[in-house]
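Please give me a guided tour of this structure. I have it open in a viewer and want to know what to select next and what is there.

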Amino acid sequence: MAAVKPPKTTPAKAPGLPVGLYAAQCEECFKWRLISSQEEYEDIRSRLIEEPFTCHRKTDTSCEDPPDIDYDTTRTWVIDKPNLPKTPKGFKRRLVLRRNFSKLDAYYVTPTGKTVRSSTKMLAFVEANPQYKDIPLSDFSFAVPKVMEETVPESILKSCFSSCKRSKKTKDESVDIDGR
């Protein structure tokens, strides 16, 4: 689960939105615990079914402690699928939130700086760069987190409703929520 602060501007003028937080929900007490980095979050997510997250996995934290963060509408929340593979070393997984907040798009930035937006393009990159041939293509997931609609700012929903009816430009209008 990741969260972004909603923009203070309209969707058409929304700036890049960095993922401000990574969080995991305790399987035992259902409290949200902040995760310190994207790498740690991906490690938890990659083994979530085999090793469900619990509060005791965080140092000096128990189910008796208050939640680190509450699931509310002060930020937009997205929920990732469990057991997605960790991003291979040297690559960076990026998520782009569409301006209308309807969904995210996933892509990878390679160690050479090239942006890859599909499995087909990743295969072409690996074939052109044999030093990465040992990385299984299954380690690159283009599955995207689900935007939790109830946390999308009301102003975005209203604005989108009127502008989306008039225009089908939603895919091209996006904001980068990783900010990197």
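Start by selecting Ser141 together with Leu84, Pro85, Arg93, Ala106 and Tyr108: these are the residues Ser141 contacts once its neighbours within four places in sequence are left aside. The model is a predicted one. Ser141 belongs to the loop between α2 (119-128) and β8 (146-147). Its relative accessible area is 11%, so Ser141 counts as buried, the cut-off being under 20%. Now add Ala143 and show the backbone: a polar atom of the Ser141 side chain is 3.2 Å from the backbone nitrogen of Ala143.

**Helix α2**

Select 119-128 next and colour Met122, Phe125 and Val126, which are buried residues of α2. Turn the view until you look down the helix axis. The buried residues of α2 then fall within an arc of 95 degrees, so they line one face of the helix. In general, an α-helix has 3.6 residues a turn, so residues three or four places apart point the same way. On the face turned away from the buried side of α2, pick out the exposed residues Thr120, Lys121, Glu127 and Ala128. To see what covers the buried residues of α2, show β6 (104-109) and β7 (115-116), which are included in that cover.

**Aromatic rings**

Keep Phe125 on screen and hide the rest of the helix. Phe125 has a relative accessible area of 3% and is therefore buried. How many aromatic pairs does the structure hold? There are nine. For one of them, select Phe91 and Tyr132: the ring centres are 5.5 Å apart and the planes stand at 75 degrees, so this pair is edge-to-face. The two residues come from distant parts of the chain, 41 residues apart, with Phe91 in the loop between β4 (76-79) and β5 (92-98) and Tyr132 in the loop between α2 and β8. Both Phe91 and Tyr132 are buried; for Tyr132 the relative accessibility is 15%.

Tyr132 also pairs with Phe125, and here the rings are stacked, at 5.5 Å centre to centre with 25 degrees between the planes. Then widen the selection to Phe91, Tyr108, Phe125, Tyr132, Phe140 and Phe142, a cluster linked by ring pairs. Tyr108 in this cluster is one of the residues that Ser141 contacts.

For another kind of ring arrangement, select Tyr107 and Arg117. The charged end of Arg117 sits over the Tyr107 ring, 5.1 Å from the ring centre.

**The loop between β4 and β5**

Two more residues are worth a stop in this loop. Select Gly90, which is placed between β4 and β5 and is partly exposed at a relative accessible area of 47%. Setting aside residues up to four places away in sequence, Gly90 touches Val109, Thr110 and Pro111. The C-alpha atoms of Gly90 and Val109 are 8.8 Å apart, for a separation of 19 residues along the chain.

Then go to Asn83, which lies in the loop between β4 and β5. Check its backbone: phi of Asn83 is near 65 degrees, a positive value in a residue other than glycine. Asn83 is partly exposed, with a relative accessible area of 25%.

**Asp60 and Glu40**

Which residue in the loop between α1 and β4 should be selected next? Select Asp60, which is found there. Phi of Asp60 is near 55 degrees, again a positive value in a residue other than glycine. At a relative accessible area of 77%, Asp60 is exposed.

Move to helix α1 (residues 38-46) and select Glu40. Glu40 is partly exposed, at 34% relative accessibility. Add Lys86 and draw a distance between the C-alpha atoms: Glu40 and Lys86 are 46 residues apart along the chain, and these atoms are separated by 9.4 Å.

**The whole chain**

Finally, show everything as a cartoon. The protein has three helices and nine strands, in the order β-β-β-α-β-β-β-β-α-β-α-β from the N terminus. Of its 180 residues, 41% are buried. Among contacts between residues at least 6 apart in sequence, 66% join residues at least 24 apart. With the surface switched on, the protein exposes about 10,300 Å², of which carbon and sulfur atoms supply 53%.

Terms used
Residues numbered from 1 in each chain as written. Predicted model: local features only at pLDDT ≥ 70, side-chain atom pairs only at ≥ 80, totals over all residues. Heavy atoms only, no water. Helix = DSSP H or I, 4+ residues; strand = E, 2+ residues; numbered from the N terminus. Buried < 20%, exposed > 50% of the residue type's maximum accessible area, 1.4 Å probe, protein only. Polar contact = N/O pair within 3.5 Å; in protein donor to acceptor, adjacent residues only side chain to side chain. Contact = heavy atoms within 4.5 Å. Arc of directions from axis to C-beta. Phe/Tyr/Trp six-rings, centres within 6.5 Å; stacked < 30°, edge-to-face > 60°. Lys NZ or Arg CZ within 6 Å of the ring centre and 35° of its normal. Areas by Shrake-Rupley, 256 points an atom, 1.4 Å probe, with all protein chains shown as cover.
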